[in-house]
Amino acid sequence: MASNKNKLAFLSMPAPASYVAGLGRGASGFTTRSDIGPAREGPSAEVIAEAQARRGEEPEIDPEQFQDPDNEYGLFAGTTYEQDDEEADKIYDDVDQKMDSRRRARREARENAELVKHRAERPKIQQQFADLKRGLSVVTDQEWESIPEVGNLTRKKRRKDERTFVVPDSIIVGDRSKSEYENSLDTRQQQANGFETPADSGTMTNFVEIGQARDKILSLKLDQISGTSTASGSATSVDPKGYLTSLNSVVLKTEAEIGDIKRARMLFDSLVKSNPKHAPGWIAAACLEEHAGRMVAARKLIKAGCEQCPKSDDVWLEAARLHNNDDAKVILANAVQHVGQSVKIWLAAADLEQDAKSKKRVLRKALENIPNSVRLWKETVNLEESATDARILLSRAVEVIPLSVELWLALARLETPERAKAVLNKARKSVPTSHEIWIAAGRLLEQGAMSDSEKSTEARNTELELVDKTIELGVRELRRHQVLLTREQWLKEAERCESDGSPRTCEAIIKATVSMEVEEEDRLDTWVSDAESAESRGMVGTARAVLAYALKVFPDQRNLWRKAADLEKAHGTKESLDAVLSQAVHYCPQAEVLWLMSAKEKWMAGDVPAAREVLEKAFIANPESEQIWLAAVKLEAENGELGVARELLVRARTVADTERIWMKSAVFERQQGQYAAALETVSAALSKFPKFAKLYMIQGQIRQMEKHYSTARASYAAGLKACPKEITLWVLASKLEELDGRSIKARALLEKGRLVNPANEVLWAESVGVEERSGGAAQAKAMLARGLQECPSSGLLWSMSIWAEPRPTRKSRSVDALKKSKDNPLITCTVARLFWAERKIEKARQWFSRSVATEQDKDIGDHWGWWLKFERQHGTPEYVEEVIRQGGAAEPHHGPVWQVIAKDDKNVGKSTKELLAMVADALQ
């Protein structure tokens with residue numbers, strides 16, 4: 001007990017002088033919300049050290065107290081500081097002082113400038129409000145009392161002063177009676193047998209009267225709203241008939257939207273109070289109230305904005321928008337008093353007027369205040385119905401605003417041609433840097449030359465030459481006045497002239513500017529690319545003018561003439577094409593293609609004698625040309641002059657003596673049914689050209705037609721020996737064996753052909769066909785798999801693989817085929833046929849179009865045949881005609897079915913469209 005008493009004896013003892021409550025656990029005082037800081041100052045270091053010494057504790061030694069301040073890592077803490085170290089430190093100090101003194105003035109000047117700049121950009125709050133504080137000295141007591149109270153912007157909910165009241169006894173009794181049950185009936189219920197409660201007389205509910213009263217109350221409310229009520233004294237724009245209907249269009253806002261509106265309203269309210277001269281703040285606050293459906297508040301806000309920002313036209317325009325038509329007129333009338341130089345205010349006031357006369361009055365009043373506004377003059381002129389009045393207004397406008405190109409051009413358009421020239425001359429003098437005036441002058445001259453149809457061609461050409469001179473002079477004058485437009489800008493102006501119906505002005509601009517900014521060695525490529533880009537945008541006249549200028553510079557470029565001829569063939573007339581080709585063969589007489597194009601165009605036009613004349617001139621220029629000889633033979637043969645054609649072939653074999661002419665001679669004899677003469681010609685040709693594979697093909701086909709299979713087999717064998725790389729010979733030899741009933745021999749031939757010509761898709765496809773026709777579906781599938789392994793990107797084999805699959809798996813197989821074959825046209829056509837089979841008409845039409853998209857794809861006649869067959873079944877007559885037209889223009893030459901039909905002797909002389917129809921019938 002004594003020990004316990006001694007332990008608690010300190011409770012009755014006085015505290016030591018240096019005692020601080022909580023010091024042992026690290027506390028040295030406390031703070032409160034009203035008194036920030038320690039409640040009592042803590043003990044000093046000496047007091048703490050004395051207390052620790054009294055308790056026998058050793059004072060803590062700071063390990064860093066002896067640390068060298070210049071050497072915080074203590075690398076040399078153990079060394080002795082000698083005289084040399086002191087001398088070195090003095091030297092370093094002198095160097096530092098010297099370096100610091102050299103740049104001190106410059107550094108201090110820079111620091112002072114940065115400090116001034118920083119204080120200018122970010123002044124202190126005290127400096128910002130210094131002028132306002134000085135202004136408070138003149139504030140009167142009345143003005144001070146009128147300052148609004150600051151709103152609550154803390155967004156903190158204030159605690160409501162909830163008051164409690166004693167619950168009345170009536171509520172307690174009533175709540176108690178809710179759970180009670182009545183187990184007895186009153187006297188009236190007993191008289192009615194307990195199930196009816198009779199009503200007294202005169203208390204029957206009349207629903208008709210209730211409905212009539214409701215309708216009457218509703219009509220009174222509508223009358224009050226619409227302003228028809230005499231008691232309301234106000235009129236609004238509410239339609240009483242559409243009032244109930246409009247209630248359906250009321251958009252109910254969610255709580256989140258209402259909360260957002262309240263927060264935005266609070267922010268805008270603070271904005272307009274803190275900066276009342278900021279016009280966008282008033283406009284945004286009014287728009288917010290309009291969005292919230294409080295039009296009265298919106299109008300009130302925008303009215304206050306007009307009073308605070310009378311020089312802002314946007315505030316006045318917003319106020320006019322928020323009010324009805326009559327009020328808006330009053331508002332804009334007030335706006336004119338404050339911002340009379342605002343074009344937007346005047347235009348808005350004119351738009352509020354209903355009739356043209358009032359609009360004219362407003363705009364003319366506006367022109368009195370703002371005579372140098374081009375927009376006001378244009379609006380005023382547009383309201384004039386008479387050309388004479390508009391001309392008078394524009395004459396006055398160009399006097400007031402002589403630098404407006406638009407007004408000068410508008411005046412020139414309203415004048416007669418002669419007076420328009422004078423107007424444009426004045427405009428050119430007033431605005432010498434405007435290229436639009438020079439272009440308008442050129443267009444005016446062109447219209448004057450083309451307007452009179454009775455003028456002779458020479459007179460018209462003379463006037464059109466003035467267009468070229470005018471544009472050329474304009475370019476020079478603009479360059480003299482330092483107005484340098486780029487080539488691209490001039491080309492755009494030329495295209496704009498072409499779009500506006502002035503082709504000669506377009507051509508003149510091209511002549512004057514197309515050679516600008518082009519290096520001499522890049523001229524041809526640049527001009528060709530300019531013509532192609534213009535043609536791609538549909539600007540044929542611009543492309544024609546560029547090519548015409550390029551041909552003047554490079555008249556001996558046959559490729560350039562070919563592009564010009566192709567352009568005229570696609571977009572021009574027969575006369576323009578004939579003119580281009582005539583010039584082309586004159587400048588490039590050695591270009592066989594141009595001679596053949598000229599002859600073909602005349603032949604297609606039905607002028608056979610002119611085509612013969614062209615070919616005769618071509619013979620003179622190119623006496624040994626194989627193509628010209630064959631073109632002459634084809635011309636005579638298809639016009640029924642067989643004797644002349646045969647004689648031409650004989651002369652061609654003598655003069656030109658090429659393998660192709662010998663082949664065409666044999667084909668010509670075969671087409672005429674002269675098989676003996678054809679075989680004789682082939683034999684003679686083979687003696688001269690033993691390596692020409694087509695001669696062996698013709699020989700074998702003729703003997704096969706005569707049912708001489710052994711001699712045909714010998715011809716093919718000789719051909720394969722001489723030309724083992726010719727794929728068609730292997731296929732023809734295989735088909736001959738298959739026709740003779742020797743499928744095994746055909747299979748062996750194709751196997752040998754694949755060894756000689758590895759990775760050839762045609763031979764693999766023919767091998768698969770042999771297996772299918774022999775009745776071995778499994779062998780055909782295995783052969784197809786082997787072929788795809790050797791030719792993984794073959795479109796032909798992938799197409800056969802798709803059709804070999806069951807119907808459900810064809811689509812997935814087609815996806816693999818498109819990936820492996822890199823969008824091969826054969827696969828594209830196959831996919832189109834798959835969509836056709838699934839009755840997806842539009843998709844099939846798109847994929848058929850993709851299968852003949854490029855120039856290389858257009859040469860495949862089978863694709864055109866499939867597309868025509870599809871359109872015959874599912875398309876309209878217009879689609880069918882379009883496919884026939886495009887196919888005829890493409891003139892295809894390849895395709896398995898197409899070549900069989902086109903090279904049939906019965907179809908000699910038929911047009912491409914006729915062959916296309918036959919191919920569509922033959923495809924299955």
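How many salt bridges does the count come to? The count for this predicted model comes to 54 salt bridges, and a few of them make good landmarks once the overall picture is in place.

Let's start with that overall picture. The protein has 50 helices and zero strands. Of its 924 residues, 33% are buried. The accessible surface comes to about 60700 Å², with carbon and sulfur atoms holding 53% of that area. If you take the contacts between residues at least 6 apart in sequence, 50% of them join residues at least 24 apart.

Now walk along the chain to helix α3, which spans residues 83–102 and contains M99. Together with I91 and V95, M99 makes a nonpolar surface patch of about 240 Å². M99 itself is partly exposed, because its relative accessible area is 35%, a value that falls between the 20% and 50% cut-offs.

A little further on, charges come into view. D100, R104, R107 and E111 are linked in a network of salt bridges. Within this network, the side chains of R107 and E111 meet with an N to O distance of 4.0 Å. Both belong to helix α4 (residues 104–121), and because they are four residues apart there, about one helical turn separates them. R107 is partly exposed at a relative accessible area of 26%, and E111 is likewise partly exposed, at 41%.

Other salt bridges reach across the sequence. R364 and E384 meet at 2.8 Å, N to O. This pair links distant parts of the chain, 20 residues apart: R364 sits in helix α18 (residues 356–369), while E384 is in the loop between α19 (374–383) and α20 (387–400). R364 is partly exposed at 41% relative accessibility, whereas E384 counts as buried because its value is 10%.

The side chains of D468 and K511 form another salt bridge, at 3.4 Å from N to O. D468 is in helix α24 (residues 457–480) and K511 in helix α26 (residues 503–513), so this pair ties together parts that lie 43 residues apart in sequence. D468 is buried, with 16% relative accessibility, and K511 is partly exposed, with 27%.

For a look at helix packing, turn to α29 (residues 558–571) and α30 (residues 574–587), whose axes are 9 Å apart and meet at an angle of about 170°. Because angles over 145 degrees count as roughly antiparallel, α29 is roughly antiparallel to α30. On the α29 side, the contact involves W561, A564, A565, E568 and K569; on the α30 side, the residues include L577, V580, L581 and Y587.

Further along, W836 has its place in helix α45 and counts as buried because its relative accessibility is 9%. Beyond its neighbours within four places in sequence, W836 is in contact with A844, F848, W866, K869, F870, Q873 and H874. One of these, H874, is 38 residues from W836 in sequence, with a C-alpha to C-alpha separation of 9.2 Å.

Finally, two loop residues deserve a look at their backbone angles. A759, in the loop between α40 (743–756) and α41 (761–773), has a positive phi near 60° although this residue is not a glycine. A759 is partly exposed at 46%. R839, in the loop between α45 (825–837) and α46 (841–851), also has a positive phi, near 65°, in a residue other than glycine. R839 counts as exposed because its relative accessibility is 52%.

Note on methods
Residues numbered from 1 in each chain as written. Predicted model: local features only at pLDDT ≥ 70, side-chain atom pairs only at ≥ 80, totals over all residues. Heavy atoms only, no water. Buried < 20%, exposed > 50% of the residue type's maximum accessible area, 1.4 Å probe, protein only. Contact = heavy atoms within 4.5 Å. Areas by Shrake-Rupley, 256 points an atom, 1.4 Å probe, with all protein chains shown as cover. Patch = residues over 30% accessible without salt bridge, like charges linked within 9 Å, V, L, I, M, F, W, Y side chains within 5 Å. Axes fitted to C-alpha atoms, helices over the stretch in contact; angles between N-to-C directions. Parallel < 35°, antiparallel > 145°, perpendicular 65-115°, else oblique.
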